[in-house]
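Let's take a friendly walk through a protein chain together. Keep the structure in view as you read, and try to find each place as it comes up.

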Amino acid sequence: MENIIKILQKYNIQPSYQRIKILEILDKKREHMNVNMIYDELSKEIPTISKATIYNTVNAFVEKGLVNCLTITPEEARYDFDITPHHHLLCKKCGKIIDVHVKCPYTESMEIDGHRIEEIRGYFKGICKECLSHETL
Ligand SMILES: [Zn+2]
Ligand SMILES: [Zn+2]
């Protein structure tokens with residue numbers, strides 16, 4: 001909790017109770033959650049919280065650069081607390097988004113053909129190893 005407050009302050013975000021709680025969930029469950037998933041978790045603890053509040057809060061986090069918004073699934077935004085450049089695998093079977101750590105030359109150079117690169121998003125689509133293991137059974 002202390003840590004979460006410090007992070008919010010570092011990004012010039014007023015650490016309100018709801019903001020702390022929302023960031024805490026993103027930190028605890030590194031599952032690239034969408035608004036509904038955050039809502040399902042948080043409403044157990046704060047029954048009065050609304051999806052609109054969560055939506056506005058995470059988008060404020062994205063605007064401040066504290067959280068990354070993943071658009072790998074066009075129908076919904078998913079949120080990632082890990083803002084270091086890394087790539088994602090979307091499992092077409094279970095819908096999970098998993099961090100993949102591949103060596104990518106672009107994450108090191110930040111420059112391509114004289115252009116300055118500020119964001120790197122790599123998306124892979126396939127079947128995750130968990131789903132694959134069920135397939136072979
Ligand atoms: Zn899967
Ligand atoms: Zn990620």
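## A buried histidine

His-32 counts as buried because it has 23 C-beta neighbours inside 10 Å, and the cut-off for that label is 20 or more. Bear in mind as you look that this is a predicted model. You can find His-32 in the loop between H2 and helix H3, which spans residues 35-45.

The backbone at His-32 deserves a look too: its phi is positive, about 55 degrees, although the residue is not a glycine. As background, most residues other than glycine have a negative phi.

## An exposed asparagine

Now look for Asn-12, in the loop between H1 and helix H2, the latter covering residues 17-28. Here is another positive phi in a residue other than glycine, this time near 60 degrees. Asn-12 comes just after H1.

Is Asn-12 buried or exposed? Asn-12 counts as exposed, because it has 8 C-beta neighbours inside 10 Å, and a residue with 12 or fewer gets that label. The helix before it, H1, runs over residues 2-10 and is hardly covered. Of the nine residues in H1, the count of buried ones is zero.

## The whole chain

Let's step back to the full picture. The chain has 137 residues, and buried residues make up 18% of them. Along the principal axes, its C-alpha atoms fill a box of roughly 50 × 40 × 25 Å.

How many helices and strands does the chain have? There are six helices and seven strands. Reading from the N terminus, you meet them in the order α-α-α-α-β-β-β-β-α-β-β-β-α. Contacts also link distant parts of the sequence: among those between residues at least 6 apart, 45% join residues at least 24 apart.

## Two domains

The chain is divided into domain 1, residues 2-80, and domain 2, residues 87-135. Taken over C-alpha atoms, the centres of domain 1 and domain 2 are separated by 22 Å. Five residues from domain 1 and four residues from domain 2 take part in the contact. On the side of domain 1 that touches domain 2, there are two nonpolar, two polar and one charged residues.

## A nonpolar core

Which residues have the most contacts inside the largest nonpolar core? They are Ile-22, Leu-26, Ile-38, Ile-54 and Val-58, in a core of 13 residues. The elements giving two or more residues to this core are H2, H3 and helix H4, which covers residues 51-64. H2 gives the most, with four residues. This grouping brings a general tendency to mind: in soluble globular proteins, nonpolar side chains tend to be buried together.

Try selecting Ile-22 and looking at what lies around it. Leaving out residues up to four places away in sequence, Ile-22 touches Ile-38, Leu-42, Ile-54, Thr-57 and Val-58.

## A hairpin to trace

To finish, find strand E3 at residues 87-91 and strand E4 at residues 97-100. These strands run antiparallel and are joined by four bridges. Which residue in E4 stands opposite Leu-90? That residue is Ile-97.

The hairpin of E3 and E4 has five residues between the strands. In this hairpin, Gly-95 takes a positive phi near 80 degrees.

Note on methods:
Residues numbered from 1 in each chain as written. Chains lettered and ligands numbered in written order. Predicted model: local features only at pLDDT ≥ 70, side-chain atom pairs only at ≥ 80, totals over all residues. Domains from an automatic or database assignment. Contact = placed C-beta atoms within 7 Å. Nonpolar A, V, L, I, M, F, W, Y, C, P; charged D, E, K, R; others polar. Pairing = 2+ DSSP bridges. Core = buried A, V, L, I, M, F, W, Y, C linked by C-beta atoms within 7 Å.
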